[in-house]
Amino acid sequence: MQENIDLGVLLNLAFGSFKEELHQHLGRQGYADVGSSFGYVFRLLENNPQNLKQLAESLGMTPQGALKIINDMVLKDYVQRVDDDSDARVRLLHLRPRAIALMQVARAFHQEFEVRLGERVGASKVKAMRAVLEQIAADAEYGSPKLRPL
């Protein structure tokens with residue numbers, strides 16, 4: 001790899017490599033149909049069902065863009081639309097059991113990846129890297145994951 005790669009490019013390359021390995025693992029576990037943005041939606045809906053407008057705002061995208069993602073997730077049995085008891089005009093988005101199972105597989109992969117990385121480069125380096133990444137995330141102007149930069 002060339003020297004002096006810009007930090008942002010390096011972060012992007014590392015994330016791309018991680019994401020590719022994660023999706024290969026998910027595919028082997030029966031989840032080959034996962035879209036690239038599904039993980040963000042899973043985390044946003046996990047403990048807090050939202051309507052489409054709320055989800056779109058959390059993702060930093062238009063409701064039309066979020067609708068495309070949600071329609072795909074509904075079709076693949078990851079999300080369901082449920083009438084809101086407090087407002088009949090609103091449908092809340094809830095995770096289906098398939099999404100919850102996938103999240104367990106993905107979380108296990110995240111933990112295993114971190115352990116394997118520690119075995120290759122040293123646990124103390126991984127711990128330091130984690131601390132730096134946590135600080136970058138904490139310093140961000142927005143708290144929710146975004147699909148694209150603001």
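Is arginine 130 buried, partly exposed or exposed, and what is its relative accessible area? In this predicted model, arginine 130 comes out as partly exposed, at 39% relative accessible area. Its salt-bridge partner glutamate 134 falls in that class too, with 46% relative accessibility. The N-to-O distance for this pair is 3.1 Å. Both residues sit in helix α6 (residues 123–139), four residues apart, or about one turn of the helix. Glu114 also comes into the picture, since shared partners tie Glu114, Arg130 and Glu134 into one salt-bridge network.

Looking across the whole structure, the search turns up nine salt bridges. One of them pairs aspartate 33 with arginine 98, whose closest N and O atoms are 3.1 Å apart. This one ties together distant parts of the chain, 65 residues apart: aspartate 33 belongs to the loop between α1 (7–28) and α2 (38–46), while arginine 98 is in helix α5 (residues 97–121). Aspartate 33 has a relative accessible area of 22%, so it counts as partly exposed rather than buried, the cut-off for buried being under 20%. Arginine 98 is partly exposed as well, at 24%.

Another salt bridge joins the side chains of aspartate 77 and arginine 96, at 2.9 Å from N to O. Here, too, distant parts of the chain are linked, with the partners 19 residues apart. Aspartate 77 lies in the loop between α4 (63–75) and β1 (79–84), and arginine 96 in the loop between β2 (87–95) and α5. As for accessibility, aspartate 77 is partly exposed at 35%, and arginine 96 is partly exposed at 26%.

Methods: Residues numbered from 1 in each chain as written. Predicted model: local features only at pLDDT ≥ 70, side-chain atom pairs only at ≥ 80, totals over all residues. Heavy atoms only, no water. Salt bridge = Lys/Arg side-chain N within 4 Å of Asp/Glu carboxyl O. Helix = DSSP H or I, 4+ residues; strand = E, 2+ residues; numbered from the N terminus. Buried < 20%, exposed > 50% of the residue type's maximum accessible area, 1.4 Å probe, protein only.
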